[in-house]
Amino acid sequence: VAVQSIIKSLGNYLFSQLPEISNKSIDTERTINLIESAMIQANLAVKDIVPGGGTTASILLLIGQTAFVGHVGDSRVYVLESENLIQITKDHSLVQKLYDLGEISDESFSDHPRRNILMRALGQEDKLVVDVIKRDVIQGTSFLLCTDGLWGSVSDVEIIRIISNTDSTKEACEFLIDAANKAGGPDNITALIVKYRHEDDK
């Protein structure tokens, strides 16, 4: 329901306007508003169609050499640049709040018993606050969008190794999911990799 709603909200923009947009003419404010609106509409759709249900959601929109990320929940978006894995989203979870307050350590973050309690998700409340991150992208950057079934089970070092040493994004996703399952697979495991390539003036 969330995916269908988001696609519907962004569809006209994605398919009719993006081909005309160059990196120099990105309307940042409009793009951020579109992502926020898409998430808000998805929130209402989930609440209406699946009463009592909820889901996390992350959107990656690449325009020229700029990335826009929309985010709600504890699924994460990472950037892999020059062998560095950088988390660019922040979890909307109880554990993240406890970590921010200094009440838990890095070591207990991933396996905390209350890790799955979300402070923000689609379908939970009438009003929704959406995080939207804008980031410049360099050639060769890889994006990883994943659920906590992956980041909670596989170390950053292993994620870097798998993505860096696998040419096929499809195979890299399969290897990541396999690694999470071998580590116990305590939660649903989703992984999506986008490798950025940009050719100027084409």
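**Notebook: two sheets and a buried arginine**

I began at a single bridge: H71 has D131 in β5 as its bridge partner. Strands here are DSSP E runs of at least two residues, helices are H or I runs of at least four, and both are numbered from the N terminus.

Before going on, I noted what I am looking at. This is a predicted model in which local features need pLDDT of at least 70 and side-chain atom pairs count only at pLDDT 80 or more, while totals for chains, interfaces and linings use all residues. Residues are numbered from 1 along each chain as its sequence is written, and side-chain values use heavy atoms, with hydrogens and water left out.

**Entry 1: the overall layout**

I counted six helices and seven strands in the protein. Along the sequence I read the pattern α-α-β-β-β-β-α-β-β-α-α-α-β. I looked up burial next: 41% of the 202 residues are buried, where buried means under 20% relative accessible area, exposed over 50% and partly exposed in between, with a 1.4 Å probe and protein chains only. Of the contacts with a separation of 6 or more, 69% are between residues 24 or more positions apart; a contact means heavy atoms within 4.5 Å.

**Entry 2: the sheet around H71**

Which order do the strands of the three-stranded sheet take? I found an open sheet in the order β1-β2-β5, with antiparallel pairing. β1 and β5 (131-136) are its edges, and each has a single partner strand, so one side of each has no neighbour in the sheet. On average, neighbouring strands of this sheet are turned by 15° against each other, direction ignored. For such angles, axes are lines fitted to C-alpha atoms, for helices over the stretch in contact, and the angles run from 0 to 180 degrees between N-to-C directions.

I then took the pairs one by one; two strands pair if DSSP finds at least two bridges between them. Strand β2 (residues 66-72) is joined to β5 by six bridges, and β1 and β2 are joined by seven. A57 has V72 in β2 as its bridge partner. The hairpin of β1 and β2 has two residues between the strands, and G64 takes a positive phi near 60° there.

I also checked the two faces of β1. A57, I59, L61 and I63 form the covered face, while S58, L60 and L62 form the uncovered one. Helix α2 lies across β1, β2 and β5 and runs at about 30° to β2.

**Entry 3: H92, a visitor from a loop**

H92 is in the loop between β4 and α3 (94-100). Buried or exposed, I wondered about H92? H92 counts as buried because its relative accessibility is 7%. Leaving out residues up to four places away in sequence, I listed H71, V72, G73, L118, M119, R120 and D131 as the residues H92 touches. My starting pair, H71 and D131, is among them.

**Entry 4: the other sheet**

The second open sheet has four strands in the order β4-β3-β6-β7, again with antiparallel pairing. Its edge strands are β4 and β7 (191-195), each pairing on one side only. Neighbouring strands are turned by 20° against each other on average, direction ignored.

Four bridges join β3 to strand β4 (residues 84-87), and L80 stands opposite L85 in β4. Two residues separate the strands in the hairpin of β3 and β4, where S82 takes a positive phi near 50°. Strand β6 (residues 142-146) and β7 share five bridges, with V194 in β7 as the bridge partner of F143. Helix α6 (residues 169-182) lies across β6 and β7, at about 150° to β7.

**Entry 5: R76**

I saved R76 for last. R76 is in strand β3 (residues 76-81) and counts as buried because its relative accessibility is 7%. Which side chains does R76 contact? I found polar contacts with Y78 at 2.8 Å and with D91 at 2.7 Å. A polar contact is a pair of N or O atoms within 3.5 Å; within protein, one must be able to donate a hydrogen and the other to accept it, and residues adjacent in sequence count only if both atoms are side-chain atoms.

The charged end of R76 also sits over the ring of W151, 3.4 Å from its centre. The criterion is NZ of Lys or CZ of Arg within 6 Å of the ring centre and within 35 degrees of the ring normal.
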